Amino acid sequence: MIELPECHVLSEQINKTLTGKTIVRAAANTFPHKFAWYSGDPKDYGKKLKGKTITGSNPGTGYTCGGNTEIICDDILMVISTPIKYHESGAKLPKSYQLLLEFDDGSSMTCTVQMWGAMFCFPANKNELPKNFKVNKTPDPLTDAFDRPYFDSLVKNCKPGISAKAFLATEQRIPGLGNGVLQDILWNARINPRKKLGDFNGKEFGVLYKSLKSTLLAMRKQGGRDTEKDLFGNSGGYKTILSANTLKDPCPACGNTIIREAYMGGNIYFCPVCQPV
């Protein structure tokens with residue numbers, strides 16, 4: 001899954017780099033992956049996309065939601081939730097990939113699934129998706145529509161016994177906000193991932209809301225996180241505070257040892273001093 005900041009970065013780069021290019025060949029599922037998903041038969045992607053020109057891209061804000069990169073190819077919409085990489089003409093392609101688009105100038109684009117990912121392709125129709133395509137269309141946290149009242153409504157609809165991590169990163173409450181960006185959001189708010197919503201004090205929801213908005217914005221403005229790659233294969237400029245890259249570093253606030261634990265299907269990172277349960 002690609003998370004919100006990287007979706008915005010990829011979309012911006014696609015708009016600058018790929019818009020106007022015409023697809024001369026497309027191939028999907030050339031290297032099968034157990035957790036690569038397609039819409040319909042991937043063998044049909046070549047017929048659907050050949051001759052189409054890329055006209056724009058959205059970070060899940062046009063048709064779908066966060067965690068997706070939307071690429072509009074004339075009357076065809078691609079919804080991609082995997083890493084995307086651009087290759088100049090003559091550049092060597094990856095050893096394996098789950099989607100390939102070749103353009104009229106000799107350049108190309110590939111998608112390579114890491115853990116899991118979707119590469120959907122279907123007709124675009126006035127910002128509407130096919131009836132069998134279900135999506136949780138919600139405000140993007142990087143827009144003004146994701147305001148404090150909306151955030152409070154999310155809290156209100158949750159049971160007090162769920163944890164901060166469960167609130168932010170499960171049930172598609174905030175599509176595109178996953179376990180990766182979660183760590184710095186909670187550290188900046190000084191909230192432990194395991195802390196229950198019912199144990200929050202009067203100020204902590206406000207602090208969490210501000211941290212969510214400001215942390216995601218910083219990640220986007222700096223070209224994504226340093227744990228992820230952009231369209232050109234470069235690491236993002238945002239230096240993660242808590243991640244596998246910084247696990248051996250002391251807490252930047254208090255100097256204490258950072259803890260990594262398995263929790264809810266993924267690792268959490270936190271400072272036991274700055275982020276007590």
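I count two residues as in contact when heavy atoms lie within 4.5 Å. The model I am reading is predicted.

**Entry 1: helix H5**

I looked up H5, residues 179–189. Of its 11 residues, 8 are buried, so the helix is largely enclosed by the rest of the structure. I listed the buried ones: Val181, Leu182, Gln183, Asp184, Ile185, Leu186, Trp187 and Ala189. What do they pack against? I found three helices and a strand: H1 (4–17), H4 (164–169), H6 (204–221) and S11 (266–270). Then I checked what follows H5. Arg190 comes next, and its phi is positive, near 60°.

**Entry 2: H1 and H6**

Two of those packing partners, H1 and H6, also meet each other. I found that their axes come within 8 Å and cross at roughly 35°. Is the crossing left-handed or right-handed? I noted it as right-handed. On the H1 side I wrote down Leu4, Pro5, His8, Val9 and Glu12. On the H6 side I have Leu216, Met219 and Arg220. I sorted the residues of this contact into 5 nonpolar, 1 polar and 2 charged.

**Entry 3: Ser163**

Next I went to the loop between H3 (148–156) and H4, where Ser163 sits. Is Ser163 buried or exposed? Its relative accessible area is 1%. Buried means under 20%, so Ser163 is buried. I looked at its side chain too. A polar atom there lies 3.1 Å from the backbone nitrogen of Ala166. I then left aside neighbours within four places in sequence. Ser163 is still in contact with Pro193, Arg194, Lys195, Lys196, Leu197, Tyr263 and Met264.

Notes:
Residues are numbered from 1 along each chain as its sequence is written. This is a predicted model: local features need pLDDT of at least 70, side-chain atom pairs count only at pLDDT 80 or more; totals for chains, interfaces and linings use all residues. Side-chain values use heavy atoms; hydrogens and water are left out. Buried means under 20% relative accessible area, exposed over 50%, partly exposed in between (1.4 Å probe, protein chains only). Helices (H or I, at least four residues) and strands (E, at least two) are DSSP runs, numbered from the N terminus. Axes are lines fitted to C-alpha atoms, for helices over the stretch in contact, and angles run from 0 to 180 degrees between N-to-C directions. A crossing is left-handed if the near helix is turned anticlockwise from the far one by less than a right angle, and right-handed if clockwise. Ala, Val, Leu, Ile, Met, Phe, Trp, Tyr, Cys and Pro count as nonpolar, Asp, Glu, Lys and Arg as charged, and the others, Gly among them, as polar. A polar contact is a pair of N or O atoms within 3.5 Å; within protein, one must be able to donate a hydrogen and the other to accept it, and residues adjacent in sequence count only if both atoms are side-chain atoms.
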